[in-house]
Amino acid sequence: MTAKDREIWRSRSTSITGFDTMSTCLIARMVLFFVVTAFGVGSACAAPEFLAPKERPGPLADKPWPKGKYLVLAYHGIEDGAADQRFLSVRTSALVEQFAWLKDNGYNVISMDDVIAAQQGKKELPEKSVVLTFDDGYAGFYTRVFPLLKAYHWPALLAPVGEWMDTPPDKKVDFGGVMVPREQFLNWQEIREMSQSGLVEIGAHTYAEHKGMVANPQGNTEPFNVNRTYDAKTGRYETAAEFEARVDKDVGLITQRIIQTTGKKPRVWVWPYGAASGVTLSVAHRHGYHMAMTLDDGLADINNNDNIPRLLISGNPSLREFAQNVSGVQEKPFVRMVQVDLDYVYDPDQKQMAHNIDLLIQRVVDLHANYVFLQAFADPAGDGNIKSVYFPNRWLPVRADLFNRVAWQLQTRGGARVYAWMPVLAFDVPSLPHVLAWNPHTDHEDINPAQYRRLSFFNEEVQKKIIGLYEDLAGHAAFSGILFHDDALLSDFEDASPDAMKAYESQGLPASIKEIRANPAYMQRWTRFKSRALTAFTVTLLQHVRAIRGPQVESARNIYAEPVLQPDSEEWYAQNLNDFLDTYDWTVPMAMPLMEQVPASQNLSWLTEFVKTIKSTKDSSLAHVIIELQTEDWRSQPAKPVPDRVLVEWMKKLQSLGAGNYGYYPDDFIENHPSVEAVRPVFSNRWYPLR
């Protein structure tokens, strides 16, 4: 939310209905505050709760892997001498130690046939199942790895790059702009021999698209196989059709080359750089592939062949490091998130904008933030009504083609997972049907002037427009997830537009909000229908994004505090915590005490109740929640910064309550607010003295 958005929301004593009567929502808030204040949920100075050691969760490394899960290890070059990291190499001696450690510690190396048999219910995977994979097609696989596989009787997957294998013996291989001696790589005869051994399966790693390409006007180089190219001379992007035709040709070439060599049709697609694309995946499916491997961390699942994560083994790790990485594969770092307004980055002066990007990247690095929720839309007026965006698209003005550049730099230079922060409904397009509020005083419907100007998603044309916008975002940028903005809400007087009323009638509800509100049973059904319909629409948007960007794209959605604390307040928002936890990878509750008018003396007790409520909702619910704090106090205009000491207190409280995933909005990287020096010790998962 922008500062003005917060101000609008805080004035909701008249905004929920759009009229001059106190809303039921505000009354409920007052009741809640009275209960918290009068009866208490713990004072600000209360001692932390004690959890006996036997009740505390142990490390996941000590727990068995869930049924149907397996680990995929991703190797590249194997060399006897120095491990050249241009090829992500591991020394032969280190590989020998790693293989011995896997065997001695009860890991079972399996084949892709075993995975498929388990998926089909023909067998179960053994405990601690491991798949070995080797990318690119280095000669060391034949001379160093293959003998080890034969000695252990272990299977492995080899994924060569076709163009490199086809390079003539007297030519050098163009390895991403570095000319490498041909003998550094395998030849097709060696690949045929290993395939015939029954130990080595051959997968595909593209024919000629394991390289970078210019993907935006700023000249960022991104993986060729999954992104549309940008031509600086013509100032145009590769079209969706051109991109699909290009990757189709490449997939066809590598597929035929493998068939010619091995006599077997390849079934495993291995993404260069681990970067995936829904379009390329669809093309691969058409060519007969039904498994795709990334370089994401975590265990693979036999029921998810399109998004198989792999643990990258690079940097020639010590045996201790290797063992820690393998045994700790279930451990996930806590999320430390910053939500960033791209409006802060944008500047008509290109030099100043480049400087702002550098400031943001350095900020993320200094904070050790591992998640960034990055604004993909423009809101320079601060009113939450979106008139333009930061990516090329079909129907809204582009303030600047900026999102892809910043997102890519945050991922590659900042080391963060970037989520595209997008509105769901609040696009200011006057010609399209809007959400209307019913006025009980006049018995008329109109746009609520004190709320987001939202488009009515019950209208088919609106759905097509918004879906198209999300598709254009996915087609022009690489990102890890989508954050659905807090504009995805409907009050207990909305939506009264004609298309919405037809939808209610289709559910057996009266064609009158007045009648619905007069009947508690109708009111309950109406509330649940709207809440589920909103959630279903966001799922549709996510599906369209994944179809273009890939199945690895995750989902997150903001939820207001009241639907968390008071489930009955769903009727005022059409938001439901249980639905969110069941639907999205991450639920992002806005735990903002000042925005909720909580007195300073009650902030910590309010946060305590907030976290307790989430914990009691579902088992392990906190593992799927990112608590979002506020760094500005929007109760005054201009907004005042929340003091660093207060933000630090809030973060410490979250930690003491077991809420390990948290972040804040907004991050002012230009003015250093919140202060890196003050916040990082309680924000970062790592810490070292500041310079």
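A polar contact here is a pair of N or O atoms within 3.5 Å, in which one must be able to donate a hydrogen and the other to accept it. With that in mind, I turn to two sites in this structure, which is a predicted model.

The first site is T262. This residue lies in helix α9, which spans residues 240-262. The side chain of T262 reaches the backbone oxygen of I258 at 2.8 Å. It also reaches the backbone nitrogen of K264, at 3.0 Å. Is T262 buried or exposed? Its relative accessibility is 14%, and because buried means under 20%, T262 counts as buried. Leaving aside residues up to four places away in sequence, T262 touches I191, S195 and I202.

The second site is helix α16, residues 498-506. Which of its residues are buried? They are A500, M501, A503 and Y504. Viewed down the axis of α16, these buried residues fall within an arc of 155°, so they line one face of the helix. The general background is that an α-helix has 3.6 residues a turn, so residues three or four places apart point the same way.

What, then, covers the buried residues of α16? The cover includes α17, residues 513-518, and α18, residues 520-549. On the face turned away from the buried side, α16 carries the exposed residues P498, K502 and S506. Finally, G508 follows α16, and its phi is positive, near 80°.

To close, I would ask you to keep two points in view: T262 is buried, with its side chain reaching the backbone oxygen of I258, and α16 has its buried residues along one face.

Key:
Residues are numbered from 1 along each chain as its sequence is written. This is a predicted model: local features need pLDDT of at least 70, side-chain atom pairs count only at pLDDT 80 or more; totals for chains, interfaces and linings use all residues. Side-chain values use heavy atoms; hydrogens and water are left out. Helices (H or I, at least four residues) and strands (E, at least two) are DSSP runs, numbered from the N terminus. Buried means under 20% relative accessible area, exposed over 50%, partly exposed in between (1.4 Å probe, protein chains only). Contact means heavy atoms within 4.5 Å. The arc is that of the directions from the helix axis to the C-beta atoms.
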